[in-house]
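Grab a viewer and let's work through a few exercises on how strands are arranged. Each task comes with a solution you can follow step by step.

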Amino acid sequence: MSSRSSSRWPRLSVVIPALDEEREIGECLASLARQTFPDFEVIVVDNGSRDATPAIAARYGARVIREPRRGIPYAREAGFRAARGETIASTDADTVVPVDWLERIHRAFEEDPGVVAVFGPFRHKPGSAPRTPVRPLIPLYEGGLILGQRVVWRLLGLPHFSGANFAVRKEAFSRAGGFRSPDGRFYSDWEDIQLGFKLRKLGKVQYLPDLVVLTSARKLRPASARNMIVGNAKRMVRVHILGRPL
């Protein structure tokens, strides 16, 4: 799969940051192996795994590169810089994509040369939440809070990327400065969302509501969910209202 392309340079690259993901990454890579679009490579960025993550990725034919600096922004940047495709798609190791994911991404860029990036929503894998009081609340969380956040972002005219489900033209990614602030510093958080904010100044950023991926709800515990809600509100104020990068 590391490249299912018949040419030397694939049309599309998929970048997956990974740290100790041996339980999840196989399902992710299996979903990519079933893609209807054939011309792509998969890059797994090993961010210091101590388990079998790199070996599993290699077994699925992914190109494994290593980024010793811990943190998703570093890992995503390394993968995007290593990508050989003219378009780069981003997903996460605990995410499963539909069989036509790459085909639909490719079509969106082909149909409108003014589009510099596309993104879609995510839902949680059934039964992936911890067995805590949170699990029965997942449908309410997805249908209420997450949907409400998307509506707010769209009303503000701001793209709200999820690292699990977006794609960008490589040339636009480079022009935007990647996952770095204007002063060259790596973003400490919200690297995907802040990239989207920059890209909207370069061209069209298109939301594809039916381009849905399934991701794990393994981190949704009562305390973490509460911290995420409060933390996102603080980040939004800092980034959008105060104009200060994270």
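**Exercise 1.** Take the open sheet of 3 strands and work out its order and which strands stand at the edges.

*Solution.* Keep in mind that you're looking at a predicted model. Start with the order, which is 5-10-7, with mixed pairing. Strand 5 (95–96) and strand 7 (122–124) each have a single partner strand, so they stand at the edges and one side of each is left without a neighbour in the sheet. Now zoom in on one pairing: strand 5 runs antiparallel to strand 10 (residues 213–215), with 2 bridges between them. For a concrete pair, pick Thr95, whose bridge partner in strand 10 is Thr215.

**Exercise 2.** Now trace the open sheet of 7 strands: what is its order, and which strands are the edge strands?

*Solution.* Reading across, you get 3-2-1-4-8-6-9, again an open sheet with mixed pairing. The edge strands are strand 3 (63–66) and strand 9 (204–207), each pairing on one side only. From one strand to the next, the twist averages 25°.

**Exercise 3.** Describe how strand 4 pairs with strand 1 and with strand 8, and where its side chains point.

*Solution.* As a reminder, strands of a sheet pair through backbone hydrogen bonds, either parallel or antiparallel. Take strand 1 (residues 12–18) to begin with: it runs parallel to strand 4, and 4 bridges join the two. Leu12 stands opposite Thr87 in strand 4, while Val14 has Ala89 as its bridge partner there. Next comes strand 8 (residues 166–169), which pairs with strand 4 in the antiparallel sense over 4 bridges. Here Thr87 stands opposite Arg169. Finally, look at the directions along strand 4 (residues 87–90): Thr87 and Ala89 point one way, Ile88 and Ser90 the other way, and all are buried.

**Exercise 4.** Is Ser13 buried or exposed, and which backbone nitrogens lie at 3.3 Å and 2.8 Å from a polar atom of its side chain?

*Solution.* First, locate the residue: Ser13 is in strand 1. Its relative accessibility is 0%, so Ser13 counts as buried; the cut-off for that label is under 20%. Next, check the polar atoms. The backbone nitrogen of Gly85 lies 2.8 Å from a polar atom of the Ser13 side chain, and the backbone nitrogen of Arg84 lies 3.3 Å from one. To finish, list the surroundings: leaving out residues up to four places away in sequence, Ser13 touches Glu41, Ala83, Arg84, Gly85, Thr87, Ile88 and Ala89.

Methods
Residues numbered from 1 in each chain as written. Predicted model: local features only at pLDDT ≥ 70, side-chain atom pairs only at ≥ 80, totals over all residues. Heavy atoms only, no water. Buried < 20%, exposed > 50% of the residue type's maximum accessible area, 1.4 Å probe, protein only. Pairing = 2+ DSSP bridges. Axes fitted to C-alpha atoms, helices over the stretch in contact; angles between N-to-C directions. Polar contact = N/O pair within 3.5 Å; in protein donor to acceptor, adjacent residues only side chain to side chain. Contact = heavy atoms within 4.5 Å.
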